[in-house]
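Trainee: I would like a close look at one part of this model, the helix nearest the end of the list, and after that a connected account of how such a part sits among the rest. Please take your time over the reasoning.

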Amino acid sequence: MPALLILTYVGFVSLGLPDAVLGVAWPSLRDAFGLPQSALGAILVGTGVGYFSSGLAAGRLVQRLGVGKLLTLSSGLITVAMVGYATAPVWPLLILCALVAGLGSGAIDAGLNAYAASNFSARHVNWLHACYCLGAALGPLIATAALAASGSFRWGYAAIGAIMLLLTTSFALTKASFRAPVAGGAGAPEAPGASAVAALRRGRVWLQIAVFFVYSGLEVTLGQWCFTINTEARGVAEEAAGLWAGAYWGSLGVGRVLLGVAVERVGADRLLRMATLAALLGSVLFAVGPAWPGAVGLLVAGLGLAPIYPTLMSRTPARLGASTAHAIGFQVSAAMLGGVILPSVGGVLAARLGLPSIGTLAVIAAAGLWLLHEALIRVTREPQPEAASAAG
């Protein structure tokens with residue numbers, strides 16, 4: 001089990017590593033191709049279409065391939081996409097690379113979450129997602145260093161691509177280690193209620209889908225736009241803005257490490273209520289910044305957002321049983337849609353009303369997240385699953 005946990009941790013690092021690079025690369029990329037601010041939506045849509053598609057298919061892919069092989073193939077796709085970002089001579093090819101990256105990331109996200117939720121406790125699921133944040137924090141730092149050294153976004157993507165190639169090779173050599181079962185996963189016959197259609201007939205699935213949609217939209221809006229807002233609207237130096245962007249993703253990771261312990265003592269619903277309120281407070285502070293209050297707001301929002309995704313994921317097997325693999329795929333796809341739509345709306349608002357309007361959008365999303373989670377608590381009053389019932 002320790003070796004398997006290490007492999008799963010590395011998988012989550014690989015998932016996060018390329019995800020936050022675009023926020024740092026965007027000003028340089030936009031200048032290189034002569035693009036407006038709103039063009040960020042095209043990259044996000046390309047990523048989102050791929051992510052959404054592979055997320056929907058993840059339940060079936062886990063059943064047919066197993067988690068180990070799926071992880072290897074998907075990380076290979078991300079490697080190809082990173083190399084494409086680094087070398088693409090024209091803008092449409094970057095959108096194609098975004099599609100390929102989304103296909104790989106969506107399959108990794110859903111497959112690893114289904115595996116972790118079925119085999120590890122809520123504490124470990126939070127810690128695994130902290131590893132995602134480690135990758136997401138390292139990505140902007142690597143991209144910022146490459147940007148400062150070369151003046152181009154391309155070298156940052158080249159460095160990420162090289163790291164992903166090493167990780168893909170590692171997964172290929174160890175894919176047989178992912179042998180523990182996933183609810184509705186590889187080798188398991190499809191039980192009654194385990195189909196994708198049956199999962200979508202359950203009202204709480206749709207409410208969870210809504211929570212994941214808004215959560216991811218808020219997380220990505222803050223993460224992808226904070227660098228541009230700080231440098232172009234608040235006069236923050238690129239190095240400092242890149243550090244704050246990395247610190248935002250890092251606060252998600254630190255929060256998941258610390259709150260991964262607290263979730264078993266405080267209780268999931270109580271912790272998530274506090275977390276959604278903290279996300280709202282942090283979003284308000286960021287929106288009303290100047291620079292330093294805005295930086296504090298990013299950290300508070302990151303800490304508040306930290307436990308939401310993994311803790312809700314960890315409860316999915318107890319709520320949905322044999323439908324877990326499909327339901328987690330839907331939740332991942334919904335999260336991807338939110339991560340595409342809300343930041344894209346932010347780009348449109350920025351083009352028409354100015355960059356500060358993105359802060360207002362973040363506050364509205366944070367308030368909506370709090371309201372949706374309160375509704376989810378009222379719908380799902382069943383007892384919390386015991387931590388001892390999960391491995392780890």
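Mentor: In helix 15, the buried residues are Ser 357, Ile 358, Gly 359, Leu 361, Ala 362, Ala 365, Ala 366, Leu 369, His 373, Glu 374, Leu 376 and Ile 377. This is a predicted model, and what follows should be read with that in mind. An α-helix has 3.6 residues a turn, so residues three or four places apart point the same way. With that in mind, one can go through the buried positions of helix 15, among them Ile 358, Leu 361, Ala 362, Ala 365, Ala 366 and Leu 369, and follow them along the helix in the model. Helix 15 itself runs over residues 356-379, has 24 residues, and reaches 36 Å from its first C-alpha to its last, which is close to the 34 Å expected at 1.5 Å a residue.

The setting of that helix is a chain with 15 helices and zero strands. Of the 392 residues in the chain, buried residues make up 58%. When contacts between residues at least 6 apart in sequence are considered, 84% join residues that are at least 24 apart.

Packing between helices is the next matter. Two packed helices are described by the angle between their axes and the distance between the axes. For helix 10, residues 238-266, and helix 11, residues 268-288, the axes come within 7 Å and cross at roughly 130°. Helix 10 and helix 11 are therefore oblique to each other, since that angle falls outside the ranges for roughly parallel, roughly antiparallel and roughly perpendicular. Their contact is made by Leu 259, Val 263 and Val 266 on the side of helix 10, and by Ala 268, Arg 270, Leu 271 and Met 274 on the side of helix 11. The residues of this contact of helix 10 with helix 11 divide into six nonpolar, no polar and one charged.

Helix 10 also meets helix 6, residues 122-150, where the axes come within 8 Å and cross at roughly 170°. Because an angle over 145 degrees counts as roughly antiparallel, helix 6 and helix 10 are described as roughly antiparallel to each other. The residues of the contact of helix 6 with helix 10 divide into 15 nonpolar, eight polar and four charged.

Single residues show how distant parts of the sequence are brought together. Ile 43 lies in helix 3, residues 40-65, and is buried, with a relative accessible area of 1%. Leaving aside neighbours within four places in sequence, Ile 43 is in contact with Leu 22, Tyr 85, Trp 91, Leu 94, Ile 95 and Ala 98. Ile 43 and Leu 99 are 56 residues apart in sequence, and their C-alpha atoms are 8.3 Å apart in space.

Ala 25, in helix 2, residues 21-33, counts as buried at 4% relative accessibility. Apart from residues up to four places away in sequence, Ala 25 touches Phe 153 and Tyr 157. The C-alpha atoms of Ala 25 and Ala 146, which are 121 residues apart along the chain, are separated by 9.8 Å.

Ser 314 is found in helix 13, residues 308-320, and is buried, with a relative accessible area of 13%. Not counting residues up to four places away in sequence, Ser 314 touches Ala 117, Ala 122 and Val 125. For Val 125, 189 residues away along the chain, the C-alpha separation from Ser 314 is 6.4 Å.

Helix 7, residues 154-174, offers two positions to set side by side. Thr 168 has its place in that helix and is buried, with a relative accessible area of 13%. Outside the residues up to four places away in sequence, Thr 168 touches Thr 72, Ser 75, Gly 76 and Thr 79. Ala 172 also has its place in helix 7, but at 32% relative accessibility Ala 172 counts as partly exposed, because buried means under 20%. Ala 172 and Leu 71 are 101 residues apart in sequence and 8.4 Å apart in space, C-alpha to C-alpha.

Lastly, the cysteines: the structure holds zero disulfides. Cys 97 counts as buried at 11% relative accessibility, and Cys 131 counts as buried at 15%.

Note on methods: Residues are numbered from 1 along each chain as its sequence is written. This is a predicted model: local features need pLDDT of at least 70, side-chain atom pairs count only at pLDDT 80 or more; totals for chains, interfaces and linings use all residues. Side-chain values use heavy atoms; hydrogens and water are left out. Axes are lines fitted to C-alpha atoms, for helices over the stretch in contact, and angles run from 0 to 180 degrees between N-to-C directions. Helices (H or I, at least four residues) and strands (E, at least two) are DSSP runs, numbered from the N terminus. Angles under 35 degrees count as roughly parallel, over 145 as roughly antiparallel, 65 to 115 as roughly perpendicular and the rest as oblique. Contact means heavy atoms within 4.5 Å. Ala, Val, Leu, Ile, Met, Phe, Trp, Tyr, Cys and Pro count as nonpolar, Asp, Glu, Lys and Arg as charged, and the others, Gly among them, as polar. A disulfide is a pair of cysteine sulfur atoms within 2.5 Å. Buried means under 20% relative accessible area, exposed over 50%, partly exposed in between (1.4 Å probe, protein chains only). The expected span of a helix is 1.5 Å times one less than its number of residues.
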